[in-house]
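Me: I should like to learn how to read a few features of a model. Please take the general idea first and then the case at hand.

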Amino acid sequence: MRIRLCLIPGDGIGPEIVNQAVKVLDKIAATYGHEVEYTEALLGGVAIDATGSPLPDETVEKCKAADAVLLGAVGGPKWDNIEKAIRPERGLLGIRKALGLFANLRPATLFPELAGASFLRPDITAKGLDVMVIRELTGGIYFGEPKGEDTTESGERRAFNTMVYRESEIERIARVGFETARRRGNRLTSVDKANVLDVSQLWREVVVEVAKDYPDVELDHMYVDNAAMQLVRDPSQFDVIVTGNLFGDILSDEAAAITGSLGMLPSASVGESGPGLYEPIHGSAPDIAGQDKANPLATILSVAMMLRHSLDLPDEAAAIEKAVQKTLQDGFRTGDIMEEGKRLLGCKAMGEAVLERMA
Ligand code: NAI
Ligand code: MG
């Protein structure tokens, strides 16, 4: 098939890791007889430098014309003191919104090959870890109106954001949760703060309503404070977690931290139709940018997610995941997951090690 892919390398280690992922995709295309047509677009800091905007119109157009988007990472100290409205992360929020990407899927997985590593808790090594956090991306407190800052009658500064969810927004993310649970362990935990927030009460009611269409999926509800605690205490109790934008931002990072390997975790952001956006969960790692030290595996695994979710090519996705596993089995590591007795590779060499292990 013909795959139109928009590449957004972004800032920091972005270009290095995206380069490795492109090599892997090219190899897949050659092996399975696909043709990949690449376009490249600017987002984040590099876009600010080139155009003054973190999300140039041209980037939105290029993404919309593609079957999928592969993003490295955006941001860095160079743009940290820029005014809020044009900061690099505004580009990220903006592109998700422009593409209608309302569901963010973040697997937090322990690769069996990393079991026993010193950066892992012994109980995680023992029990394994395989949780999928689904975060609503385009609603909630990050976008609700009114928002902003004003001054009270007494002259005190005041700032506010509004957490809003419409029924239809809750329903569609709930459906993604149930469908995903069906493809995994058939268990869904909906996370809210229904004991305090009205918006969470509606969230819970809608999720319960949608559950009627999925009698085979076991549903439970958890308050976000408890969920945060349970995730640290015993993550093996979870299969799929579905939650709103703010809670999902926090819980997905928490779930990732438990795996001890930021550089290994991919993510997908998908909408009702149109291109999905695939990216590693980590940031632009300015501390190691340009040094050929970054772990490209999260980005390579993001390509696998893309092949599976946006392009319906599960065999190709599995081929990449197997090659990554084989690379780890053979003892190759980047600095972030390095262990005694393993072989340390740079970003480029790690990409090549994966390539060599693809059929
Ligand atoms: P970060 O994820 O960039 O880095 C955290 C730590 O993990 C650093 O020590 C870094 O070297 C290491 N690390 C991250 N990815 C790695 C990889 N692939 N291989 C090896 N080591 C890796 O998070 P941080 O430092 O909080 O943010 C840095 C910049 O990235 C900020 O400007 C932030 O806004 C941005 N950021 C962007 C995201 C995105 O584009 N989706 C997500 C998170 C942060
Ligand atoms: Mg986050």
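Me: In which helix is Asp253 found?

Reply: Helices are DSSP runs of H or I with at least four residues, numbered from the N terminus. Asp253 is found in helix H9, and Asp249 also has its place in H9, residues 245–259. This is a predicted model, in which local features need pLDDT of at least 70, side-chain atom pairs count only at pLDDT 80 or more, and totals for chains, interfaces and linings use all residues. Residues are numbered from 1 along each chain as its sequence is written, and side-chain values use heavy atoms, leaving out hydrogens and water.

Me: What does UniProt place at Asp249 and Asp253?

Reply: The unreviewed UniProt entry places the feature "binding site" at Asp225, Asp249 and Asp253. Such annotations may be inferred rather than shown by experiment.

Me: Are Asp249 and Asp253 buried or exposed?

Reply: Buried means under 20% relative accessible area, exposed over 50%, and partly exposed in between, with a 1.4 Å probe and protein chains only. Asp249 has 24% relative accessibility and therefore counts as partly exposed; Asp253, at 43%, counts as partly exposed.

Me: Which residues does Asp249 touch, not counting residues up to four places away in sequence?

Reply: Contact means heavy atoms within 4.5 Å. On that count, Asp249 touches Arg135 and Tyr142, with residues up to four places away in sequence left out.

Key
Chains are lettered from A and ligands numbered from 1 in the order in which they are written. Helices (H or I, at least four residues) and strands (E, at least two) are DSSP runs, numbered from the N terminus.
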